[in-house]
Amino acid sequence: MPKPVPMAEVWRGPLLESLHLGHAVISDASGQVVRSWGDPDALIYPRSSAKMIQALPLITSGAAARYGLTSEQLALACASHNGAHIHTDRVNSWLDQLGLTDDDFRCGPQLPDDIPARNELIKSDSSPCQVHNNCSGKHAGFLTLTQYLGAGTEYIEMDHPVQQACLAAFEETTGQDSPGYGIDGCSAPNFATTVTGLARSMAWFASAADRSDRASEAAQQLVAAMTAHPELVAGETRCCTNLMRAMGGKVAIKTGAEAVFVAILPQQKLGVALKITDGTTRASECAIAALLVSLGVLDAEHPETRKYMNKILYSRRGLECGSIRPAAELLF
């Protein structure tokens, strides 16, 4: 069984101080592996990198059309957002549209990552609500589908029609039966697959324009929503938002917890998936940037790229002391 390989290096002066290992796969539209690093058959949880897959039934069922969902709402359904007002105000409006409240969510409360929103709660001695959860957009999508189907309120249960629809979409796009699931941070099931399966799913999204079925049309809508609203998919200061902007909306990317990252490249009809085995985000951000540079869709010298790839590290007095670099094998 292949082992994980170096993907990101942390240098301090002349010394390689830390080394992050992982697996990565680039898949084409036919589902074939174009290139791989480490073990392409490594079994992983995609975590939040799979949100666009989980959003497919929202559209294919007819629910999105029935409720007149906008591209902003579709972007939020794919989001791991910061909990800023641009996110929570829109999700609250979505709940109002459904005639529901924060209590109908099953994702749990979370302190916002957005500093102004966090400070606002602290200064008012308020507790975060479920709408602040980074997955509240996805759960608003779940609630929309639940209401459309007339299904029960416990939409995160594995036997619920919403999760069964998500599983079907997941297995269709990855081209693999999922061997099982774990419970994600937002309490919803997260289905396991291989790194190849996840890359194949992203290539399925990337090549959706070549097909005319309902699921492929839904995939195009979701990718268009993500690239049109990168600030809703993540938020200011976040890698997903910054790099999608840097690529001019030509590529959709999405992070997941425990250092998973995916990319959808419609012009090349390629999908990318990677997993850093130690779960370190700085490494997954560096690695995805390097792969996007190698694929010719991201400028290595763009200021946003330099925040993640070949990032200079400074001491607290502002002295240059090191860097975070991709492993040479990622630059092909």
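Biologist: Before we look at the hairpins, what makes two strands count as paired?

Modeller: Two strands pair if DSSP finds at least two bridges between them. Keep in mind that this is a predicted model. Here, strand β2 (residues 15-27) and strand β3 (residues 33-37) run antiparallel and are joined by four bridges. Val25 stands opposite Ser36 in β3.

Biologist: And which residue in the hairpin of β2 and β3 takes a positive phi?

Modeller: Look at Gly31, whose phi is positive, near 90°. The hairpin has five residues between the strands.

Biologist: Let's try another pair. How many bridges join β11 to β12?

Modeller: Four bridges connect strand β11 (residues 311-314) with strand β12 (residues 320-326), and the two run antiparallel. Ile312 has Ser323 of β12 as its bridge partner. These strands form a hairpin too, with five residues between them, and Gly318 in the turn has a positive phi of about 85°.

Biologist: Now helices. How should I read the angle between α5 and α7?

Modeller: Angles under 35 degrees count as roughly parallel. Helix α5 (residues 85-98) and helix α7 (residues 136-149) pack at about 10°, with axes 10 Å apart, and are therefore roughly parallel to each other. From α5, the contact uses Val91, Trp94, Leu95 and Leu98. From α7 come Ser136, Gly137, Ala140, Gly141, Leu143, Thr144 and Gln147. By class, that contact has six nonpolar, five polar and no charged residues.

Biologist: Why might residues three or four places apart in a helix point the same way?

Modeller: An α-helix has 3.6 residues a turn, so residues three or four places apart face the same way. You can keep that in mind while tracing the lists above.

Biologist: At what angle do α8 and α9 cross?

Modeller: Helix α8 (residues 161-174) and helix α9 (residues 195-206) cross at roughly 90°, and their axes come within 7 Å. That makes α8 roughly perpendicular to α9, because angles of 65 to 115 degrees fall in that class. Glu172, Thr173 and Thr174 of α8 meet Gly197, Arg200, Ser201 and Trp204 of α9. The residues of this contact divide into one nonpolar, four polar and two charged.

Biologist: What can I find at the start of α6?

Modeller: There, a side-chain oxygen of Asp114 reaches to within 3.0 Å of the backbone nitrogen of Ala117 in helix α6 (residues 115-123). Just after α6, Asp125 takes a positive phi of about 55°.

Biologist: Last topic: how many salt bridges does a search of the whole structure find?

Modeller: The search finds ten. One of them joins Asp184 to Arg47, with the closest N and O atoms 2.7 Å apart. This pair links distant parts of the chain, 137 residues apart. Asp184 lies in the loop between β5 (181-183) and β6 (189-191), while Arg47 lies in the loop between β4 (43-44) and α1 (51-54).

How values were computed: Residues are numbered from 1 along each chain as its sequence is written. This is a predicted model: local features need pLDDT of at least 70, side-chain atom pairs count only at pLDDT 80 or more; totals for chains, interfaces and linings use all residues. Side-chain values use heavy atoms; hydrogens and water are left out. Axes are lines fitted to C-alpha atoms, for helices over the stretch in contact, and angles run from 0 to 180 degrees between N-to-C directions. Angles under 35 degrees count as roughly parallel, over 145 as roughly antiparallel, 65 to 115 as roughly perpendicular and the rest as oblique. Contact means heavy atoms within 4.5 Å. Ala, Val, Leu, Ile, Met, Phe, Trp, Tyr, Cys and Pro count as nonpolar, Asp, Glu, Lys and Arg as charged, and the others, Gly among them, as polar. A polar contact is a pair of N or O atoms within 3.5 Å; within protein, one must be able to donate a hydrogen and the other to accept it, and residues adjacent in sequence count only if both atoms are side-chain atoms. A salt bridge is a side-chain nitrogen of Lys or Arg within 4 Å of a carboxyl oxygen of Asp or Glu.
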